[in-house]
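Q: Could we go through the charged side-chain pairs in this protein? I should like to know where they sit.

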Amino acid sequence: MDSYKLPESALIVIYTAELEVLLIERTDYPGFWQSVTGSKDHQQETLDETARREVLEETGIVIGSSPVPLDALVNWHWQVAYPIYPIWRHRYAKDVTHNTEHWFGLLVPRDIEIILAPREHTAYTWLPYLEAAARCFSPSNRAAILQLPARSMPKISI
């Protein structure tokens, strides 16, 4: 392989005001449900750019459109490093064993149209956040979704 994936990614928890979470099922591994996630395309790509690109590629949601303004995407300034699953290790350079995942939240209207990338995902569902967390195969994805109630609270100035 001439080009390896970078071991730095964005995980985007897409949710509604009612704390329903969008999960998508992987094409290559039926039964593997997850939030939108993806690696940086190149070193110069910012994490915000990665998050916006991955959301568009995987769901068709345009961040910066009238239903989903730019400020609907929030960088949670949280990251986790985890061992890359053996089934996906071949996508990375030989000496790469861990990925650093940066967490984002994206508030969207419940009736937003979802257009899946058929080569990546076969189905989607909206679930209350606790059910969504339970369905995710990835421990870091579960942990991110479980933080949703605290992360989605409006900031109050005193």
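The exchange below concerns the salt bridges of this predicted model.

Q: How many salt bridges does the structure hold?
A: The predicted model contains 8 salt bridges.

Q: What does glutamate 20 pair with?
A: Its partner is arginine 110, and the closest N and O atoms lie 2.9 Å apart. The two residues are 90 apart and link distant parts of the chain. Glutamate 20 belongs to strand 2 (residues 20–26), while arginine 110 lies in the loop between strand 6 (98–107) and strand 7 (121–128).

Q: And arginine 110, how accessible is that one?
A: Arginine 110 counts as partly exposed because its relative accessibility is 39%.

Q: Turning to helix 1, how far apart are arginine 53 and glutamate 57 there?
A: They are 4 residues apart in helix 1 (residues 47–59), so about one helical turn separates them. The two form a salt bridge whose closest N and O atoms are 3.4 Å apart.

Q: Are they buried or partly exposed?
A: Arginine 53 is buried, at 15% relative accessible area, whereas glutamate 57 is partly exposed, at 38%.

Q: Which residues make up the network that includes these two?
A: Salt bridges with shared partners join Arg53 and Glu57 with Asp41, Glu45 and Glu54 in one network.

Q: What is the distance between arginine 53 and glutamate 54?
A: Their closest N and O atoms are 2.8 Å apart, and the pair forms a salt bridge. Both arginine 53 and glutamate 54 are buried.

Terms used. Residues numbered from 1 in each chain as written. Predicted model: local features only at pLDDT ≥ 70, side-chain atom pairs only at ≥ 80, totals over all residues. Heavy atoms only, no water. Salt bridge = Lys/Arg side-chain N within 4 Å of Asp/Glu carboxyl O. Buried < 20%, exposed > 50% of the residue type's maximum accessible area, 1.4 Å probe, protein only.
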